[in-house]
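Here are some notes to read alongside the structure. Keep the model open and follow the residue numbers as you go.

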Amino acid sequence: MERIYLSLGSNMGDRAANIARAIAALGERGIRVTRESSLYETEPVELREQDWFLNSVIEGKTELEPETLMKELLAIERSLGRERRVPKGPRAIDIDVLFYGDRVIREPDIEIPHPRLSQRRFVLVPFAEIAPDARHPVLGKTIAELLAETPDRSEVRRWKARV
């Protein structure tokens, strides 16, 4: 089984419930979740005129090959109401593959490790919470090192559910 890291994000509807449903669906599709970060509230970074996101990172194990994994993740997104209308726009759920073991894949439909991982605090902060010593297979740096060096200064704060 390969160790994988996935990023999950939502900025529509009940964001925390969307992420929880996505995590639950992973287990039904061949991905065993082994660790979960806290939820973090994050400001949008590319298309700024939208609601703030909740983001998290999970560590998992899978026997699915990367291409099959991507198909399953896209199916989960669709099942939870993801519609790709505006690039970088609002979404009920977004699931990205950050690492798949130490593999490097550059295909039209799949890029692993995620090509913008080192430039996104909304990914690096939760990733560093659960796996600060995970090493980027291309850059050769740990997640903690990438977080310390990223030029991204967008706001990322641990989320506390409002009662």
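1. One term before we start: a residue is called buried when its relative accessible area is under 20%, exposed when that is over 50%, and partly exposed in between. Please also bear in mind that this is a predicted model.

2. Let's begin with helix H3, residues 121-130. How many of its 10 residues are buried? The count is 9 of 10, so by the under 20% cut-off the helix is mostly covered. The buried residues are Arg 121, Phe 122, Val 123, Leu 124, Val 125, Pro 126, Phe 127, Ala 128 and Ile 130.

3. Next, look at the loop between strand E7 (110-112) and H3, where you will find Pro 113. The peptide bond leading into Pro 113 from Ile 112 is cis, and its omega is near -5°.

4. On the other side of the sequence from H3, in the loop between H3 and helix H4 (143-149), sits His 136. Is His 136 buried or exposed? It has 6% relative accessibility, so it counts as buried. Setting aside residues up to four places away in sequence, His 136 touches Phe 99, Pro 113, Leu 117, Lys 141 and Leu 146. A polar atom of the His 136 side chain also lies 3.0 Å from the backbone nitrogen of Leu 139.

5. Leu 139 turns up again at the surface. Together with Val 104 and Val 138, Leu 139 makes a nonpolar patch of about 250 Å². Val 104 belongs to the loop between strand E5 (94-100) and strand E6 (105-107), and is partly exposed at a relative accessible area of 47%.

6. Strand E5 is mostly covered, with 7 of its 7 residues buried. E5 pairs with strand E1 (residues 2-10) in the antiparallel sense, over 6 bridges. To see the pairing on screen, find Leu 8 and look opposite it for Ile 95 in E5.

7. Now for the charged side chains: the count comes to 10 salt bridges. One of them joins Glu 59 and Arg 3, at 3.5 Å from N to O. This pair links distant parts of the chain, as Glu 59 is in strand E4 (residues 53-62) and Arg 3 is in strand E1, 56 residues apart. Glu 59 is buried, at 5% relative accessible area, while Arg 3 is partly exposed at 39%.

8. Glu 65 and Arg 103 form another salt bridge, with their closest N and O atoms 3.1 Å apart. Here both partners are in loops: Glu 65 between E4 and helix H2 (66-79), and Arg 103 between E5 and E6, 38 residues away in sequence. Glu 65 is partly exposed at 41% relative accessibility, and Arg 103 is partly exposed at 28%.

9. Glu 41 deserves a look too. It forms a salt bridge with Arg 157, the closest N and O atoms being 3.3 Å apart. Arg 157 lies in strand E8 (residues 156-158) and Glu 41 in strand E3 (residues 40-42), so the pair ties together parts 116 residues apart in sequence. Arg 157 is partly exposed at 35%, whereas Glu 41 is buried at 8%.

10. Finally, Arg 15, in helix H1 (residues 15-27), is buried with a relative accessible area of 16%. Its side chain makes a polar contact of 3.1 Å with the side chain of Glu 41. Beyond its neighbours within four places in sequence, Arg 15 is in contact with residues including Trp 52, Phe 53 and Trp 159.

Methods:
Residues are numbered from 1 along each chain as its sequence is written. This is a predicted model: local features need pLDDT of at least 70, side-chain atom pairs count only at pLDDT 80 or more; totals for chains, interfaces and linings use all residues. Side-chain values use heavy atoms; hydrogens and water are left out. Patches are made of residues with over 30% relative accessible area and no salt bridge: like charges are joined within 9 Å, nonpolar side chains (Val, Leu, Ile, Met, Phe, Trp, Tyr) within 5 Å. Accessible areas come from the Shrake-Rupley method with a 1.4 Å probe; for residues, only the protein chains shown count as cover. A salt bridge is a side-chain nitrogen of Lys or Arg within 4 Å of a carboxyl oxygen of Asp or Glu. Helices (H or I, at least four residues) and strands (E, at least two) are DSSP runs, numbered from the N terminus. Buried means under 20% relative accessible area, exposed over 50%, partly exposed in between (1.4 Å probe, protein chains only). A polar contact is a pair of N or O atoms within 3.5 Å; within protein, one must be able to donate a hydrogen and the other to accept it, and residues adjacent in sequence count only if both atoms are side-chain atoms. Contact means heavy atoms within 4.5 Å. Two strands pair if DSSP finds at least two bridges between them.
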